[in-house]
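Please look at the sequence and the structure together, and keep both in view while you read. The paragraphs that follow go from the whole chain to single elements and then to single residues.

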Amino acid sequence: RDGHPGYTSIRVIPEPLGLVYAALLDQDGRISGDSALQSGAIGVIDLGHHTVDIAVVRRMLPVQSSLDTWQLGTARALSPIRARLAAQTERELSLYDTDQAIRAGAVQKAGQSVALPFGWDQPLIDLADQLVARLTEVWGSGAALDAILIGGGGAELAILTAALQARFSHAQVIDRPQTAIARGYARLARRYASELR
């Protein structure tokens with residue numbers, strides 16, 4: 001408090017909640033999304049690079065006992081894919097390069113685009129299976145949840161989202177998933193600011 005005059009309290013908001021705010025609030029912070037998102041039980045899956053964060057949200061607030069973080073981020077699958085692509089192309093690849101190659105469906109070799117090798121996706125398939133198994137342990141069939149939102153950078157990898165949606169038929173990938181949490185926080189900030197006027 002001494003170093004920040006004017007602050008009387010600080011609120012810490014769990015990261016996955018940003019996905020809910022991005023889906024539920026408009027640009028001005030007003031509620032505009034599906035009513036199930038406002039009053040129902042929402043499962044949230046934030047597929048990050050290093051971790052996967054999950055939560056259940058009711059009335060825009062997290063159920064504290066539902067918050068969890070798992071070491072099942074996309075880097076777990078990208079590392080072995082990178083090793084395989086680097087061996088194929090005889091060049092160094094970063095995890096970012098690997099992610100971009102997956103999205104493009106090809107990797108550069110000697111200035112040419114080369115299709116990804118057969119079986120390149122097995123680490124992602126294995127990761128998807130692990131995620132589905134963990135979520136099934138926690139949420140069962142997901143029937144107790146009115147909606148399930150998927151976001152984060154990993155939500156742009158179709159292998160992961162397809163596996164989650166096959167298990168939880170009412171799961172949906174949020175619009176522009178990689179930036180959705182930041183967008184949700186900005187909308188929530190506008191909501192709080194309007195309440196102070």
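Among the contacts in this protein with a separation of 6 or more, 59% are between residues that lie 24 or more positions apart. The model is a predicted one, and it holds 7 helices and 8 strands. Taken along the principal axes, the box that the C-alpha atoms fill is roughly 60 × 45 × 30 Å, and of the 197 residues in the protein, 42% are buried.

A good place to begin is strand 7, which covers residues 147-151. Is this strand enclosed or open to the outside? Since 5 of its 5 residues are buried, strand 7 is largely enclosed by the rest of the structure. Both of its faces are covered, with Ala 147, Leu 149 and Gly 151 buried on one side, and Ile 148 and Ile 150 buried on the other.

Strand 7 also has partners. With strand 1, residues 41-47, it pairs in the parallel sense over 5 bridges, and in this pairing Asp 46 has Gly 151 of strand 7 as its bridge partner. With strand 8, residues 171-173, strand 7 again pairs in the parallel sense, here over 3 bridges, and Ile 148 stands opposite Ala 171 of strand 8. Helix 6, residues 158-167, belongs to this part of the picture too, for strand 7, helix 6 and strand 8 together make a right-handed β-α-β unit.

From here we can turn to helix 5, residues 122-139, in which Val 132 lies. Val 132 has a relative accessible area of 15%, and because a residue counts as buried under 20%, Val 132 is a buried residue. If its neighbours within four places in sequence are left aside, Val 132 is in contact with Ala 163, Leu 164 and Arg 167. Val 132 can also be compared with Leu 160, since the two are 28 residues apart in sequence, while their C-alpha atoms are 9.1 Å apart in space.

Another helix pair shows how two elements can cross. The axes of helix 3, residues 75-89, and helix 4, residues 95-104, come within 9 Å and cross at roughly 85°, and the two helices are therefore roughly perpendicular to each other. On the side of helix 3, the residues that meet helix 4 are Ala 75, Leu 78, Ser 79, Ile 81, Arg 82 and Leu 85, and they face Leu 95, Thr 98, Asp 99, Ala 101 and Ile 102 of helix 4. Sorted by kind, the residues of this contact divide into 7 nonpolar, 2 polar and 2 charged.

The last stop is the backbone of two loops. Most residues other than glycine have a negative phi. Glu 90, which is found in the loop between helix 3 and helix 4, has a positive phi, near 60°, although it is a residue other than glycine. Its relative accessible area is 69%, and because a value over 50% counts as exposed, Glu 90 is an exposed residue. Ala 110 is not a glycine either, and its phi is positive at about 50°. This residue lies in the loop between strand 5, residues 106-109, and strand 6, residues 112-115, and with a relative accessibility of 79%, Ala 110 counts as exposed.

How values were computed: Residues are numbered from 1 along each chain as its sequence is written. This is a predicted model: local features need pLDDT of at least 70, side-chain atom pairs count only at pLDDT 80 or more; totals for chains, interfaces and linings use all residues. Side-chain values use heavy atoms; hydrogens and water are left out. Axes are lines fitted to C-alpha atoms, for helices over the stretch in contact, and angles run from 0 to 180 degrees between N-to-C directions. Helices (H or I, at least four residues) and strands (E, at least two) are DSSP runs, numbered from the N terminus. Angles under 35 degrees count as roughly parallel, over 145 as roughly antiparallel, 65 to 115 as roughly perpendicular and the rest as oblique. Contact means heavy atoms within 4.5 Å. Ala, Val, Leu, Ile, Met, Phe, Trp, Tyr, Cys and Pro count as nonpolar, Asp, Glu, Lys and Arg as charged, and the others, Gly among them, as polar. Buried means under 20% relative accessible area, exposed over 50%, partly exposed in between (1.4 Å probe, protein chains only). Two strands pair if DSSP finds at least two bridges between them. A crossover is right-handed if, with the strands pointing away from the viewer, the path from the first strand over the helix to the second runs clockwise.
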